[in-house]
Amino acid sequence: MQYDNGGELLVAHLESLGIDTVFGIVSVHNLPLVEAVDRHLRFVPVRHEATAVNAADGYGRARGSIGCALTSTGTGAGNAAGSLIEALSAGTAVLHVTGQVESQYLGSGRGFIHETKDQLGMLGAVSTYAATVTSANDAGRVLREAGAAALATPGGPASVEWPIDLQYAAQEDAGDAVSSGEAPAPHAAELAAAQALLAESRRPLIWAGGGARHAGRELAALLEATGAGLLSSNSGRGSVPEDHPLVIGNFATNPAVRALLADADVLVTIGTHFRSNETADYNLKLPGAHIQIDADAAALGRVYPARHVLHAEAAAVLPALTGAAVRADADWSARVTAVRDEVRAALHDDIGPQAALCDALAAALPRGAVVARDVTIPSSSWGNRLLPIHDPRANVFPRGGGIGQGLGMGIGAALARPDEPTVVIVGDGGLAVHFGELLTVAQERPRLTLIVFNDGGYGVLRNMQDKYGERRSGVDLFTPDFGPLAAACALPYARIAAPEEAAPVLQAALASDGPTLVEVDLTALGPMKNPFTPPVKIPTA
C-alpha cells in the first residue's frame, strides 16, 4: 500500500487496531500525524503529554484493547515517561508515537530544537518495545511490531519515534505480517499434578490478579465447580462480578481472610504478581499447596514459592483445572460467604460518613460503568475494595501508585464508552498535578462525573506523619475554591458536605449527559472512624 505521508499510514494502522480516538499535543515535530488523525478519527488535544498517555491507557482499559497517544520529541517525550511507567507497571497496551528531529540530525548533539540525548534509550527504559522509524518504507512494519508487542503478554506501552522528515514523506508499506509468537503452554506433568492436588482439595481458595481479566468466564466456571473463595488483587477485580457470594475481593491482608488462608488446603493464583501493598510488604502467609498460573514466566515463583507452576494464559488452562475439580466442603463455602460479608461490613463501618458516598455510587452507577480512581484516601480505602466492580474493563486506576493520573485515565475511559457515565475519584492534591485537564474536560464534554475529595492537601501522608511523627512536612496545601474554578471552566458544579447530600447530588450528576465537578468537603463531612494510612513500613524507635 502507498500513502501520501506518515499520517495517512498511521491512521490506517490505528483503524486496523480498532482505535477511533487518539490523545496528544500537536507540535512541529508531529504535525503530519496529528492532522491526519484529526481528519479521519477523533483527536483529543490534552494539555500535557503525561495525560495523553494516561488517557490512551484508560481508553484501552475501558475497551479491553489498546489506546494511542501522540507526543512531540525531547521534552514532550520526556513528559510522557512517567505515564509510560504506569502502563508498563500495569501491562496495559498503549501505542505511543512521538516525533523526532530530522533524520539527518539524529544523534548529532548540535542543539536542534526539541532534540534530546538518546531519546530511544529513554523510551526503551519505560516501554516494553521502543524503535525508531528509519525510512519511509519501514514505518508500517515498525508500527505493526509496536502494536503486537503492546498487545502481547505481559504487554505494556510500545513507543515509536518518527523523524519529522520521514513523517512528511510518501510511505510505501509492504504489509508484511508480524509474528505474534507461540502461546505459552504448561508442562503436562505439572498440569496433571495440579489437577490431582485440586481434586483432593476440600478447602480451596483462588486469587485472581490482572492475568484473570480476560478469563472471566473460565474463572467463574472454576469458582462454581469448586465452591472456593475468590480473593483478588486490585488488578483482578471484576473478573468475576463482585456481587457473587463467593467473591471475597481485594481483602487478602484482612485478619479474617488471613485466617482463611491459614486454613485453606490449596490456593490457586491466577496472574497476580503479589505487589507489596497487597501482601503487607510480603508478610502475608500463603498455603504451601500453591498452584500458580501466569503467562509471564518471570512471575512464576518470584515472590512466593509454588508447588506447581503453570506457564499459560489463564483462559487456556483454567478449563483443565475445572474438569478435575471437586466441590468444597459445604461449611467451607459457607465460611467464605460469611467472611465476605464480615470484611465488607467492617470496612463500611470504618469509613464513617464516606460510606454514604460509596453506597450512593453503587446505587446510581449502571452495572459495569467505569470507575476511574486516582491515588487518594477514598480510593485506597473503599474505592479499591468496597465499591463493587462487575467488569474488569470498569476497573481503571494507576496500578503503579503514581498520584495525579486518575483524571487523564478517566477522560480516556469516558471517551471510549460515551454512552454510559464514567466516575473519576480524585483528591484535591492529585487533581492539582494536572489542573489543566479540566480544560480538556470542558472542551470535549465527556459524560464524566469528577468527584474531588477536598481535605486541603495530601491526606494519606498527613495521616502517616500524624501517626508516626511530631510535625507535618509538605502535606498541607493551598486548595482553590472549586465552585468558581468549575465556573471558569464552564463545568457544572455541586458540593457534598453531609452524608444525606450524597445520593441526590450523585444521582443528578450521573444522569447528566455531560461533565460535572462534584466537590466533597471532607472537613464538613467529618472524619472516618479510623483514619487511613497506607500499608508501608515506617521505622519507629
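A nonpolar core is taken here as a set of buried Ala, Val, Leu, Ile, Met, Phe, Trp, Tyr and Cys residues joined through side-chain atoms within 4.5 Å. In this predicted model, the largest such core holds 83 residues, and the members that touch the most others are Leu321, Leu361 and Trp382. Beyond its neighbours within four places in sequence, Trp382 is in contact with Leu347, Ile351, Gln354, Leu357, Cys358, Leu361, Ile377, Leu387, Ile425, Phe453 and Met528. Apart from the largest core lies another, of 74 residues, among them Leu33, Val37, Val126 and Ala414.

Leu321 also belongs to helix α11, which spans residues 314-324 and whose buried residues are Ala314, Val317, Leu318, Leu321 and Thr322. These residues lie on the same side of α11, because the arc that they cover around the axis is only 150°. An α-helix has 3.6 residues a turn, so residues three or four places apart point the same way. The buried residues of α11 are covered by elements that include the helices α8 (188-200) and α9 (216-226) together with the strands β12 (266-270), β13 (290-294) and β14 (308-311). On the face of α11 turned away from the buried side, the exposed residues Ala316 and Gly323 are found.

As regards the cysteines, Cys358, one of the residues in contact with Trp382, has a relative accessibility of 3% and therefore counts as buried, the cut-off being under 20%. Cys68 likewise counts as buried, because its relative accessibility is 0%. With a disulfide taken as a pair of cysteine sulfur atoms within 2.5 Å, the count of disulfides comes to zero.

Terms used. Residues are numbered from 1 along each chain as its sequence is written. This is a predicted model: local features need pLDDT of at least 70, side-chain atom pairs count only at pLDDT 80 or more; totals for chains, interfaces and linings use all residues. Side-chain values use heavy atoms; hydrogens and water are left out. Buried means under 20% relative accessible area, exposed over 50%, partly exposed in between (1.4 Å probe, protein chains only). Helices (H or I, at least four residues) and strands (E, at least two) are DSSP runs, numbered from the N terminus. The arc is that of the directions from the helix axis to the C-beta atoms. Contact means heavy atoms within 4.5 Å.
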